[in-house]
Structure formats: C-alpha cells, structure tokens
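Visitor: Before we talk, please put the sequence and the structure where both of us can see them.

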Number of protein chains: 2
Amino acid sequence: MSVVTSKYLTIYNTLVEQIKNGAIPPQSLLPSEHELTDQFQTSRETIRKALNLLSQNGYIQKVRGKGSIVIDITKFDFPVSGLVSFKELADKMESKPKTNVHELSLIIKPDHFIRQQLQLTAKDQVWKVIRTREIGGNKIILDKDFLNKKYVPSLTEEICENSIYEYLENELNLNISFAKKEIVVEEPTSEDRELLNLEGFHNVVVIKSYVFLEDASLFQYTESRHRPDKFRFVDFARRKH
Amino acid sequence: MSVVTSKYLTIYNTLVEQIKNGAIPPQSLLPSEHELTDQFQTSRETIRKALNLLSQNGYIQKVRGKGSIVIDITKFDFPVSGLVSFKELADKMESKPKTNVHELSLIIKPDHFIRQQLQLTAKDQVWKVIRTREIGGNKIILDKDFLNKKYVPSLTEEICENSIYEYLENELNLNISFAKKEIVVEEPTSEDRELLNLEGFHNVVVIKSYVFLEDASLFQYTESRHRPDKFRFVDFARRKH
DNA sequence: AAGTGGTCTAGACCACGTG
DNA sequence: ACGTGGTCTAGACCACTTG
C-alpha cells in the first residue's frame, strides 16, 4: 500500500482530470506525443503508455497521422464500463443497503454442478453462501456464492453480512485478479420467488461469475440473480481490426 | 489491406496458438520474457507488448517476480468477451438467419430523443431503419437503427436486408472504431409485441449502442431488442488495483 | 543471491494524413 | 514535405518472489 505511483499513471490521471473538467475540450486534439514529452519531461514511450490507458478507458481516440481526439464523455451519464454495483444502486436511490444471510454452510460432498464449475478434486470442500440484497425495503438481488475451502479456511455469518471480499483481501491476503462473467436472462426459480420481492416480474437477470486469484487459480463461483428493473450493465468496446 | 503484420502481433498469435493446442499447458508458466527475447530474436519491450495482449485477452496472468501463468481457457466454452452475435446464434441453432426490413425512412425533423442521443444540430437529418432478425421461423431480435445522414448519404432496402456495416465499411469507407453499450431489461412495447414472436415472455433485453467513427464522431444510435431466452453476454474483467 | 516482471530512457525508422 | 502516431531497439534500474 504505497502512495507512490508510476510516472505514466500520474500523467494519465492528470490528463483524465483535464478532460473531465473541460480544460481539454471534447472533439479537440490532445497535444502531440512529442509536445507531451516536453511538457512532462519524460520519454515518448512513457507518454504513449499513458495515452494507451486513456484510449482503453474511452477518453480519447488515437488516429495515425492526425493526433489523439478527446471523446465527448459528458454526453454519457453512465460509468465507463462494468456492472452497476449494488452500492451504486443504493446510493442513487438514497437508501441504506442491507444484506441478509439466508444460508452459510460447508458442503462436504459438492454435487456435480459445483464440482464442475469450480473444477474441484475429489476431496475439496466448498463454502455455500446465500444472501439477499435489500434496497428501500425490497430484496432485489439474490447472491449465491460457492468458495473453495482450500483458500478460505473459515467464514462467519458476520463476514457474510458485511463484505466477503474485504475479508478475503484484508484478512486472508487473497488477491482477486480477474473474473469471467456471463449474463443471461432466466425464469425465476422457486428460490428466487421465495427470497426476492419479484413483484410480478417474470424474469431474473443472472450474472454467473468465475473469480480467479492472482496465481490464476479458480476459487469462487457466484450467481448473482437480479430483479430485471434494477439491472444495468455498461460496456465499452473498441473494435478489433 | 496488407498481409504484413507487426512483430509483436505475430508473436502474440504464435503464443495464442500454442496455448490453444495445448503445447503450453494450462497453469504452467510461459518462458520468461528474457527467454522469449532469445527465442523470437527481438527486444524485451516487443515481447512485453505481445504478453500484455495475451493478458488483456484472458490467456495469461502475469505475476511479478514469478512469471506468466497460462489460464485454463478450455473450461470455458464461451468466447472471450462480448455479445453473442446474431450470426453465432444462428450457427448454433443450425438455422438460416433471416432479416426483415419493416421500415426505412429519412427523418427530416428528428424528435427530441433522437436529437439528444445523436447530438444533432438543427439541420441534421437521420435515417431510421427498423428490422427484425429471424431464426428458425422466430423473430427474436428487433433492431432500431438511427444513422446521421451527414455520414450516410444514401441507403436502400437491399443494403438493410444484408449488412449495413459491410456497406458502410466497404462502399463508403467509413470505419467504425468503437461503441458504448448499455444493457437493460424492459417491458415489451406494443411495437415489440407486434414485430417479435415473444411467445409469452414478459421482458425484452435492450442493448443501446452509441457507435463512433474513426475520428470519434458519433454517427449512429441503435436499440437492439432481444427476446430474453436468446440473449447472452460474456465479459472478461481484469481487476483494477 | 538470482531470477522474474514493471518502469523508464533516448534514440531510430516506418505508415499515414494534411497541407 | 512535414507532423502525426505505430513499431522497435538495447540498454538501465527497480520491486517482488523464491531458493
């Protein structure tokens, strides 16, 4: 946890700030890479690292022979990319979020589905956590988590009521590095109907996540089942050429 | 359109091939950057460009002080990232896809919603295209496209029946460079009920896309409205640290 | 201590767009 | 012809992991 950061990241953050506050207006060109090299007293490759980050995150569009065009982000009220999280939802609705733990158990013999999803060996045991997320008195998300016990020796109801991730990262020093997600729409199960306030909705949006640790080992499978009216996903896709 | 490609891309493609066919097995370490520098007779920065691409596309996980771990992709039958396209859907169902053009019109005075979505000036005109996509006799996708006429002088029903994108790229030399997408679930409109075979489904998945050209100008807004059972989206998210 | 990836440099040549 | 971004090089030092 150091405060120091790399040179290209500080340049990136500086430019993001200037784009966000309008100092560099939309549709205009950024200074050329050569000029930025002078401005920031650094090498061109370092500038290019910063600009590539800007491009990947949707702030600029690089055009060969022309320059880097600032994309008009003001027209988009939504975040750059990703699932709109439970916390953001709660903030927007100005309501205190609440988490209910319905089940916390250690599965000694996981069934075929879970064994397959988590790529388990015969003797691996699995934590099963079932929680609902509540906003404004409505249970709108059902989270079903399955965690390989190999990486998580113990788990309590209190941890589940707060944030499992914080516990993993701060207490166990497990670092989540990436996840693969699949989004589909399904019919509600009887479990969905029982635990969620579906209020007449006939579908749920299901986000299936496979979560990996820093060493690329798969340790968690999660199904996050959302009431469809509270679901929103944002994607930013650069075209492959 | 040259066949030549950059050195780091050929290295990337070589490594992807070796990972896919198992020559470099999952969970194993890639040769170190130094070794790869020798193998491919190039500089380390070039190797690193190739490895960064592998990392971004979910093939490896780089760990400082340790090496690059090959991620087990065989366990995922789904593509690396993105919306599962109409064409892929049709292929999977072994069915001929069909496109029906329901409306093709030039809007002289766009309404407020479209003016806002496309950031139009007072005199901009807009092409409106409404199409359905049909697989196995079922109309499962309703596409509503709005294109700024400034960039697309003419448009015919025949073009819309095939691919508008191919027309734009091959005939008009317009290059689509990136898109921002938003995914939400909505109640079907009367238009959805009329044009799609909803078969009792009570929701539609709506993908709202803002499509930009190479020079970062916004030229198209599209709503792609899917029957929920035929919708699937895959995301690969590297964790920001 | 040795090996790994992360950052950074100061050059070089090339491909592309504009005047 | 000139300026732009795209690629590539041969070094250097640092931070981290492992023996």
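Guide: What follows is a conversation about how the descriptions of this predicted model are justified.

Guide: Residues are numbered from 1 along each chain as its sequence is written, and chains are lettered from A and ligands numbered from 1 in the order in which they are written. In this predicted model local features need pLDDT of at least 70 and side-chain atom pairs count only at pLDDT 80 or more, while totals for chains, interfaces and linings use all residues; side-chain values use heavy atoms, with hydrogens and water left out.

Visitor: How do you know which residues come nearest to DNA strand C?

Guide: A residue is near a strand if one of its heavy atoms lies within 4 Å of it. Around DNA strand C there are 23 residues, of which Lys7(A), Thr42(A), Arg44(B), Glu45(B) and Arg48(B) come nearest. Of the strand C atoms within 4 Å of the protein, 64% belong to sugar or phosphate and the rest to bases.

Visitor: What makes the pairing of Thr42(A) with a phosphate oxygen of DNA strand C a polar contact?

Guide: A polar contact is a pair of N or O atoms within 3.5 Å (within protein, one must be able to donate a hydrogen and the other to accept it, and residues adjacent in sequence count only if both atoms are side-chain atoms). An N or O atom in the side chain of Thr42(A) is 2.3 Å from a phosphate oxygen of DNA strand C, and the pair therefore qualifies. A base nitrogen of that strand is 3.4 Å from an N or O atom in the side chain of Arg44(A), and a backbone N or O atom of Glu33(B) lies 2.8 Å from one of its phosphate oxygens.

Visitor: Which contacts to phosphate oxygens of DNA strand D involve Lys62(A) and Ser43(B)?

Guide: An N or O atom in the side chain of Lys62(A) is 3.0 Å from a phosphate oxygen of DNA strand D, whereas Ser43(B) uses a backbone N or O atom, at 2.9 Å. H3(B) gives the most to the surface near this strand, with 4 residues; helices (H or I, at least four residues) and strands (E, at least two) are DSSP runs, numbered from the N terminus.

Visitor: Why are the two copies said to be related as by a two-fold rotation axis?

Guide: Chain A is superposed on chain B by a rotation of 180 degrees with 0.1 Å of shift along its axis, at an RMSD of 0.1 Å, the fit being by least squares on the C-alpha atoms of residues with pLDDT of at least 70 in both. The two copies are thus related as by a two-fold rotation axis. Of the residues of chain A, His202(A) comes closest to that axis, at 3.0 Å (C-alpha).

Visitor: What makes one side of helix H7 of chain A its buried side?

Guide: Buried means under 20% relative accessible area, exposed over 50%, and partly exposed in between (1.4 Å probe, protein chains only). In H7(A), residues 164-171, the buried residues are Ile164(A), Tyr167(A) and Leu168(A). They cover an arc of only 95 degrees around the axis, which puts them on the same side of H7(A); the arc is that of the directions from the helix axis to the C-beta atoms. An α-helix has 3.6 residues a turn, so residues three or four places apart point the same way. The face turned away from the buried side of H7(A) carries the exposed residues Glu166(A) and Asn170(A).

Visitor: How do you know which residue caps the N-terminal end of H7(A)?

Guide: A side-chain oxygen of Ser163(A) lies 3.3 Å from the backbone nitrogen of Tyr165(A), and Ser163(A) caps that end of H7(A).
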